[in-house]
Amino acid sequence: MAAAMYQRDPRAGLFLGGSRVSGAEVRDQNVTACQTVSNILKSSLGPVGLDKMLVDNVGDVTITNDGATILSLLEVAHPAARILVSLATQQDKEVGDGTTSVVLLASELLRRANELVRNKIHPTTVITGYRLACKEACRFMAEQLSTKVDKLGRDCLVNVAKTSMSSKILAADDDFFAPLAVDAMLAVKTVNPRGEKKYPVKAVNVLKAHGKSARESFMVNGYALNCTVASQAMKLRVQNAKIACLDINLAKQRMHLGVHITIDDPEQLEAIRARESEITLERVRKILAAGANVVLTTKGIDDLCLKEFVEAGAMAVRRCRKEDLRRIARATGATLISSLANLEGDETFEASSLGHADEVVQERVSDDELILIRGTKAVSSSSIVLRGANDYMLDEMERALHDALSIVKRTLESGSVVPGGGAVETALSIYLENFATTLGSREQLAIAEFASALLTIPKTLALNAAKDSTDLLARLRAYHHAAQAAAPADPKRGLIYYGLDLLDGAVVDNRAAGVLEPTISKIKSLKSALEAATSLLRIDDAITVAPEQRGEEDPHAHM
């Protein structure tokens, strides 16, 4: 019996149940899983990339070519492929753009590393080589390829936004949306206590409204809320607004369930009812007494309280999104109040928890009413109202705009840009190939493979554009080789900024053409891809523990 138990796997020893895959086999499985994920994304890279249509189990349709969105909607079962999904999500959070390229790069690095390991080079050597290559690449990029934004001015920011949009649905209207994104980001500039300039993407509120065309979207200086005033009798415009942000239900208080009141006189019943209404009215009066003339709440306001607000000439808005209120509170300097109770057990509303804005006004946009909060006092905020034909378009426009806003933020905060269109990858590839030959150790093979892996980006860009990738890449590499071999004063040094122009299938100076990306986005994606590839390369054993087999119990067995 005991012998039969161990017969399943001669190496098992005391390891029972489940399965174990080790050595080359597990690495091959990981590579295959990552290749599968990256092949899904491959055709969506670049300005001529194609879109993916994803239908979830409920039947909701998403049409997108944003790498992070595609991967987050896929049901990925393989643990190695899941690492790539989280890699894309992290890139989306950190930088906002470049999610597709980071996944392609990571899976290519892993594939090449696996080839090296097959040729009897230890994974640790490969990892050391990759680390060294990444370090050198980041240094070369920062020193040789990047240009300070100050030299290029505002046009540079617009070009960065255009480059980010070029692969998305907004590509046709980038001359309209790029300045819009730049203006929106410049409007929300804040300086933190350490004196650093910050541009929070969250301070730009993006609203979607059906109808008209994409080019009729517009930007509002201030915060736009997709709600309307609670009663038609209220003012639609309030100057010098003092805003109270509440998370309380301003409706008649009812006794909680399970509260028993025994009364012996029917008159007392009326008194209790009157008191119930009075409790909420007192709250409303306290809020108004503190000087509030605009009240925003996430819950409801009933007719009794509305009457108070109308008589006081205040604006009240109910059922706002909590997310919106948090942002408004930050922008106007208000405090989001979830209870009026203070430490003494009384109910009070302090004037210090009010926010301030120049004006709050309700305006009509297409079929919807919007409430605009202009001139917020604490942090300036801006909103973009997107117009479009249907939901799919509006969702995809919002994703594209989010990427562009994030990229403009990164550019403004880091202050330097590099040429796009495969220029950086090709330059780094040539540089690392030359660098590899200067090393006398085994790492040189890993660095050479890292250099070749970088070329997957320009190659995929050219392939997606239906151009001859071999020919274009050869020309591009020749240009970059000439640039790096030239003396510092030689005009040929300018060739280092050359990249692909995918519409004409030519090699052009991308810095002059305005195809730019923030340096930090490239450095981040290189580092993230390296981390993901090395963490998967370290794996040499996969043990899956089988779930316990439970026999189905007969429900009638206890009879």
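The protein folds into 19 helices and 21 strands. The model is predicted. Of its 559 residues, 48% count as buried. A search of the whole structure turns up two cavities of 30 Å³ or more and 30 salt bridges.

**Overall build**

- Taken along the principal axes, the C-alpha atoms fill a box of roughly 95 × 85 × 45 Å.
- The exposed surface comes to about 27,500 Å². Carbon and sulfur atoms supply 52% of that area.
- Take the contacts between residues at least 6 apart in sequence: 73% of them join residues at least 24 apart.

**Largest cavity**

- The largest cavity holds about 40 Å³ of space.
- Its lining consists of Leu207, Lys208, Ala209, Asn226, Val365, Asp368, Leu370 and Val385.
- Two strands, S7 (204–210) and S15 (368–376), each supply at least two of the lining residues.
- S7 gives the most, with three residues.
- By class, this lining has five nonpolar residues, one polar residue and two charged residues.

**Second largest cavity**

- The volume of the second largest cavity is about 40 Å³.
- Arg27, Asn30, Val31, Leu110, Asn114, Leu536 and Leu537 form the lining of this second cavity.
- Three helices each give two or more residues to that lining: H2 (24–42), H5 (99–118) and H19 (519–537).
- H2 contributes the largest share, three residues.
- The lining of the second largest cavity divides into four nonpolar, two polar and one charged.

**Salt bridge in helix H11**

- Lys307 pairs with Glu311 in a salt bridge, with the closest N and O atoms 3.3 Å apart.
- Both residues lie in helix H11 (residues 303–312). Four residues separate them, about one turn of the helix.
- Lys307 is exposed, because its relative accessible area is 52% and the cut-off for exposed is over 50%.
- Glu311 has 56% relative accessibility, so this residue counts as exposed.

**Salt bridge in helix H13**

- Glu396 forms a salt bridge with Arg399. Their closest N and O atoms are 3.1 Å apart.
- Helix H13 (residues 391–414) holds both Glu396 and Arg399. They are three residues apart, about one turn of the helix.
- Glu396 has 2% relative accessibility. Buried means under 20%, so Glu396 counts as buried.

**Other salt bridges**

- Asp324 forms a salt bridge with Arg321, and the closest N and O atoms are 3.5 Å apart.
- Asp324 counts as buried because its relative accessibility is 3%.
- A network of salt bridges links Glu108, Arg111, Arg112 and Glu449.

**Points to check in the viewer**

- For the largest cavity, start at strand S7 (204–210) and strand S15 (368–376), which each supply at least two lining residues.
- For the second largest cavity, start at helix H2 (24–42), helix H5 (99–118) and helix H19 (519–537), which each give two or more residues to its lining.
- For an exposed salt-bridge residue, look at Lys307, with a relative accessible area of 52%.
- For buried salt-bridge residues, look at Asp324, at 3% relative accessibility, and Glu396, at 2%.

Methods. Residues are numbered from 1 along each chain as its sequence is written. This is a predicted model: local features need pLDDT of at least 70, side-chain atom pairs count only at pLDDT 80 or more; totals for chains, interfaces and linings use all residues. Side-chain values use heavy atoms; hydrogens and water are left out. On a 1 Å grid over the protein atoms alone, a cavity is a set of points where a 1.4 Å probe fits but cannot get out, and a pocket is an open set with protein on both sides within 12 Å along at least five of seven lines; lining residues have an atom within 4 Å of a point. Grid points are joined across faces, edges and corners, and a volume is the space filled by probe spheres set on the points. Ala, Val, Leu, Ile, Met, Phe, Trp, Tyr, Cys and Pro count as nonpolar, Asp, Glu, Lys and Arg as charged, and the others, Gly among them, as polar. Buried means under 20% relative accessible area, exposed over 50%, partly exposed in between (1.4 Å probe, protein chains only). Contact means heavy atoms within 4.5 Å. Accessible areas come from the Shrake-Rupley method with a 1.4 Å probe; for residues, only the protein chains shown count as cover. A salt bridge is a side-chain nitrogen of Lys or Arg within 4 Å of a carboxyl oxygen of Asp or Glu.
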